[in-house]
Amino acid sequence: MVFAERLLAVLTGERPVHWMLGRTIGDAYEQLVRLAPDNPLRPAAARRARPVLRHCGGVPLRPGVVEAYASVVTDARVRAMAFRLEQGPDRRWRCAAVDLGPAGP
């Protein structure tokens, strides 16, 4: 849930992408750099409520690797967010990949 909240803050423009430095590995940071400028999870109108995580979950693939997902309510729509977490030798979890479901109409 902590990583989902962090990703949500970056993808709504509440926090800058560099806020995730040290919490990402591999291509995840570059994925955020490409996604974040469009604020893909920001509500359409400025006065709308902040998007909310509706549900989070994860599936362990092997020790130290989790495929996680969250549904995000923004405006009257629900969006999907998927991310991979990997545990490093220092036992800290870091985001290794980020993907958003299609924006829809």
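This report looks at salt bridges, cysteines and one helix in a predicted model.

## Salt bridges

The structure holds 5 salt bridges. Three of them are described here, one row each.

| Pair | Closest N to O distance |
|---|---|
| E5 and R50 | 3.6 Å |
| E14 and R50 | 2.5 Å |
| D90 and R94 | 2.7 Å |

Start with R50. Its side chain meets that of E5 in a salt bridge. This pair links distant parts of the chain, 45 residues apart. E5 sits in helix α1, which covers residues 2-11. R50 sits in the loop between α2 (28-35) and β1 (52-62).

R50 also forms a salt bridge with E14. E14 lies in the loop between α1 and α2, while R50 lies in the loop between α2 and β1, so the pair ties together parts that are 36 residues apart in sequence.

Put the two pairs together and a network appears: E5, E14 and R50 are linked by salt bridges. How exposed are its members? E5 counts as partly exposed, at 31% relative accessibility. R50 is partly exposed too, at 34%. E14 is partly exposed at 42%.

## R94 and its surroundings

Now turn to the salt bridge between D90 and R94. Is R94 buried or exposed? R94 is buried, with a relative accessible area of 14%. This is under the 20% cut-off, which is why R94 counts as buried. D90 is partly exposed, with a relative accessible area of 41%.

R94 is found in strand β4, residues 93-100. A polar atom of its side chain lies 3.4 Å from the backbone oxygen of G22. Leaving aside residues up to four places away in sequence, R94 touches F3, G22, R23, T24, I25, R84, L85, E86 and G88. One of these, F3, is also a buried residue of helix α1.

## Cysteines

How many disulfides does the structure hold? The count is 0. Why is C56 not bonded to C95? The closest cysteine sulfur to that of C56 is in C95, and the gap is 13 Å. A disulfide needs two sulfur atoms within 2.5 Å, so this pair is too far apart for a bond. Seen from the other side, C95 is in no disulfide, and its nearest cysteine sulfur is that of C56.

The accessibility values of these two cysteines are also known. C56 counts as partly exposed, at 26% relative accessibility. C95 counts as buried, at 0%.

## Helix α1

Helix α1 is mostly covered, with 8 of its 10 residues buried. Which residues are the buried ones? They are F3, A4, R6, L7, L8, A9, V10 and L11. E5, met above in the network, is partly exposed.

What do the buried residues of α1 pack against? Their partners are helix α2 and the strands β1, β2 (65-74), β3 (77-87) and β4. Strand β4 is the one that holds R94.

A general point helps when looking at a helix. An α-helix has 3.6 residues a turn, so residues three or four places apart point the same way.

After α1 comes G13. Its phi is positive, near 85 degrees.

## Putting it together

E5 joins helix α1 to the loop that holds R50. R50 in turn pairs with E14. The buried residues of α1 pack against strands that include β4, and R94 in β4 has a salt bridge with D90.

Key: Residues are numbered from 1 along each chain as its sequence is written. This is a predicted model: local features need pLDDT of at least 70, side-chain atom pairs count only at pLDDT 80 or more; totals for chains, interfaces and linings use all residues. Side-chain values use heavy atoms; hydrogens and water are left out. A salt bridge is a side-chain nitrogen of Lys or Arg within 4 Å of a carboxyl oxygen of Asp or Glu. Helices (H or I, at least four residues) and strands (E, at least two) are DSSP runs, numbered from the N terminus. Buried means under 20% relative accessible area, exposed over 50%, partly exposed in between (1.4 Å probe, protein chains only). A polar contact is a pair of N or O atoms within 3.5 Å; within protein, one must be able to donate a hydrogen and the other to accept it, and residues adjacent in sequence count only if both atoms are side-chain atoms. Contact means heavy atoms within 4.5 Å.
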